[in-house]
Amino acid sequence: MVTFCLNVTGLKGEIPKVMLDGNQIPEGKVSVDDGQLAVSLSSTDNESGPLWLERNDVESNPVWLSLAGSHVVAATQDEVATNMDGLTTYVDLISIIIEESYNGAEEAQRLAEKFDARIVGAIPPLNLYQLRLPVSDLTERDALILRMGGEVSVDAVVIEETSPEDNRLTDEQGESDRLPEADQKEWTANRFLDGVNYYTRRLKQNNAAIKTHPIKVGVIERDVDFDTPDFEGYLGNCHAGKLRTCVFARDADNPADHGTTVTGILAAGWDNGGNTGFLRGLDSASPGFDVIVERGSDAGITANIAASVNLVEDGVRVLNWSWGLHRIGAVNIEGNEVDSLVRSGLAMSGYEELLEEFFLWLRREHPDVVVVNSAGNASSYSSRDEYRLPSSFVTGQLFVVGAHELNKETGLDVDDPDYAIKRKASNIDMRVDITAAACAHGSTAKPDEPGEVHCGTSYATPLVTGLLAGMMSIDPELSPEQLRMLLRRSAMTIGEEYDFEPADADDLTSPILPSERENNLDDPDVGHSARLDMQKALDLTVQSLDRER
């Protein structure tokens with residue numbers, strides 16, 4: 001039996017109906033204490049799914065209740081300190097990755113007893129266990145880390161350098177940069193509306209020929225504001241009735257929050273002002289997309305990975321990672337040090353080991369899952385592991401997205417390489433797979449209001465995530481390699497041609513290859529950087545499926 005605790009407002013001491021995937025949880029397994037709802041479930045008799053509350057015909061926002069079992073705890077305000085680099089770091093909470101030849105749970109317990117520590121969290125599929133150490137300051141912590149790192153069974157020690165629990169300015173989520181001087185219809189550069197129109201019309205016309213498939217999308221963010229017109233339609237049992245896009249997330253207090261904007265690009269309602277969701281636009285022809293927004297806890301990168309593991313085990317095919325970090329000392333393309341989202345070498349070494357374990361596990365156990373990651377907004381390099389994580393990882397299951405903005409020069413055709421230009425703040429280089437529009441409207445508290453404009457690679461990333469989900473819904477057998485091929489083959493171009501040896505580190509993405517243009521060396525696109533074309537990518541996916549049949 002596992003007990004889950006939910007923070008709930010508006011109960012007034014009453015016990016509501018608690019619904020899990022359409023079935024009421026027996027009242028005897030539900031209790032309320034000081035605004036916190038406790039729900040006890042058997043992990044063997046239940047499956048992961050959406051959970052919501054009902055009281056007097058009022059329904060709450062649905063959250064995703066995962067029974068997958070990976071979770072780490074966050075430090076409180078009293079459990080963090082400032083290190084010598086001036087960064088906030090956890091004092092007595094660390095994680096250890098056990099060598100795969102050992103039984104992780106048993107070895108972690110042995111080490112906990114040896115060092116007088118307690119196991120308080122775990123990501124079992126990665127052999128990671130979180131320990132609370134018997135230390136009171138960073139000197140004692142670092143001394144104990146050295147001793148534990150010397151154990152033969154310990155592959156790596158992971159420390160967290162992040163804000164304490166409930167800090168709304170959680171730094172690794174802050175992937176945004178300056179706003180544009182004026183609002184622009186940025187998504188035209190990616191044929192956003194053309195993509196929606198193609199999917200809904202083509203698949204309706206070929207209803208018998210092409211069967212679409214439901215796809216789960218995971219978004220690693222804290223929460224979403226369900227009080228906004230963009231999301232109020234997702235309350236209660238979203239799976240009831242006609243198949244459609246659904247959103248499962250914790251409720252936020254502010255429509256301007258990072259998670260609300262990122263999720264809105266995937267699933268916000270249309271014609272309400274505010275944001276506009278790509279997957280929501282496909283509803284008339286789609287089999288339904290589940291957009292699951294979850295982060296587990298505020299325990300930094302370790303929590304992001306724990307939530308990712310749970311979501312993958314719950315059936316997610318596409319993960320949206322609109323976050324990333326730079327190592328202290330990283331420089332931008334102008335040679336100046338990056339001063340935001342930086343971490344110490346000690347922390348980055350642990351994160352690198354953690355991410356490596358995650359992608360090894362993903363390739364071994366879930367080779368059909370893809371992760372879409374923002375390139376970052378430091379005008380730096382995405383491919384150098386001494387500078388940037390996770391975008392520097394070279395694996396077929398990781399897609400890295402840069403950002404562009406519209407060229408102020410008018411009268412250009414959308415296919416023109418100069419129609420969009422690199423966004424100055426976007427990280428670049430050959431590890432970036434594709435660029436997408438940097439700017440999007442945020443959600444609003446009232447209907448028919450223009451949303452605040454948010455810009456950055458964080459908001460380019462869900463455009464690619466949504467497109468990949470749409471492509472998978474047409475052909476769920478597509479491998480990550482095939483998805484990347486279709487994405488790049490369909491891409492429009494941006495910037496100049498560099499003949500694969502760009503000067504001054506000005507390659508925006510990996511250059512388009514002859515093999516991505518039917519082996520035509522003379523194709524004018526060859527050598528240019530890649531710009532997302534949502535309509536053509538969907539069209540090539542349908543053509544590919546037709547050829548297979």
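## A walk through the fold

Let's start with the inventory: the protein chain has 10 helices and 29 strands. Keep in mind that what you're looking at is a predicted model. The chain is 549 residues long, and 59% of them count as buried. How do the contacts spread along the sequence? If you take contacts between residues at least 6 apart in sequence, 75% of them join residues at least 24 apart.

Now for the inside. The largest nonpolar core is made up of 135 residues, and I96, I305, W321 and F358 have the most contacts inside it. Helix 8, residues 457–474, supplies the largest share of this core, with 10 residues. Apart from that core there is a second, separate one of 16 residues, and F4, L6, V8 and L53 are among them. Back in the largest core, pick out I305 and see what surrounds it. Leaving aside residues up to four places away in sequence, I305 touches I123, L126, W321, W323, L354, L355 and F358.

Next, find a sheet. One open sheet has 4 strands in the order 12-13-11-14, with antiparallel pairing. What holds neighbouring strands together? In general, the strands of a sheet pair through backbone hydrogen bonds, and they can be parallel or antiparallel. At the edges of this sheet stand strand 12 (118–123) and strand 14 (154–159); each has a single partner strand, so one side of each has no neighbour in the sheet. From one strand to the next, the twist averages 30°.

Strand 13 deserves a closer look. Strand 13 covers residues 128–132 and is joined to strand 12 by 5 bridges, the two running antiparallel. Within that pair, I119 stands opposite L131. Strand 12 and strand 13 form a hairpin with 4 residues between the strands, and in this hairpin N127 takes a positive phi near 60°. Strand 13 also pairs with strand 11, again in the antiparallel sense and over 5 bridges. Here the bridge partner of L93 is R132 in strand 13.

Is strand 13 enclosed or open? All the evidence points one way: 5 of its 5 residues are buried, so strand 13 is largely enclosed by the rest of the structure. Both of its faces are covered, with L128, Q130 and R132 buried on one side and Y129 and L131 buried on the other.

Which helices lie across these strands? Helix 1 (residues 104–114) lies across strand 11 (93–98), strand 12, strand 13 and strand 14, and runs at about 135° to strand 11. Helix 7 (residues 345–365) lies across strand 11, strand 13 and strand 14, and runs at about 125° to strand 14.

There's another open sheet to find, this one with 3 strands in the order 1-5-4 and antiparallel pairing. Its edge strands are strand 1 (2–7) and strand 4 (30–33), each pairing on one side only. The twist here averages 25° from one strand to the next. Strand 4 is joined to strand 5 (residues 36–41) by 4 bridges, and the two run antiparallel. V32 stands opposite L37 in strand 5.

Let's go back to helix 8 and meet a helix that packs with it. Helix 4 (residues 258–267) and helix 8 pack at an angle of about 35°, with their axes 8 Å apart, and their crossing is right-handed. From helix 4, the contact uses H258, T261, V262, I265 and L266, while helix 8 brings S458, Y459, P462, L463, T465 and G466. Sort these contact residues by type and you get 6 nonpolar, 5 polar and no charged.

One of them, G466 in helix 8, is worth a stop. G466 is buried, with a relative accessible area of 0%. Not counting residues up to four places away in sequence, G466 touches L266, F278 and L279. G466 and V291 are 175 residues apart in sequence, but from C-alpha to C-alpha they are 9.8 Å apart in space.

Finish at helix 9, residues 480–489, where P480, L483, R484, L486, L487 and R488 are buried. What covers them? The cover includes helix 8 and helix 10 (534–548), along with strand 21 (370–374), strand 23 (398–406), strand 25 (434–437) and strand 29 (529–531).

How values were computed: Residues numbered from 1 in each chain as written. Predicted model: local features only at pLDDT ≥ 70, side-chain atom pairs only at ≥ 80, totals over all residues. Heavy atoms only, no water. Core = buried A, V, L, I, M, F, W, Y, C linked by side-chain atoms within 4.5 Å. Buried < 20%, exposed > 50% of the residue type's maximum accessible area, 1.4 Å probe, protein only. Contact = heavy atoms within 4.5 Å. Pairing = 2+ DSSP bridges. Axes fitted to C-alpha atoms, helices over the stretch in contact; angles between N-to-C directions. Left-handed = near helix turned anticlockwise from the far one by under 90°. Nonpolar A, V, L, I, M, F, W, Y, C, P; charged D, E, K, R; others polar.
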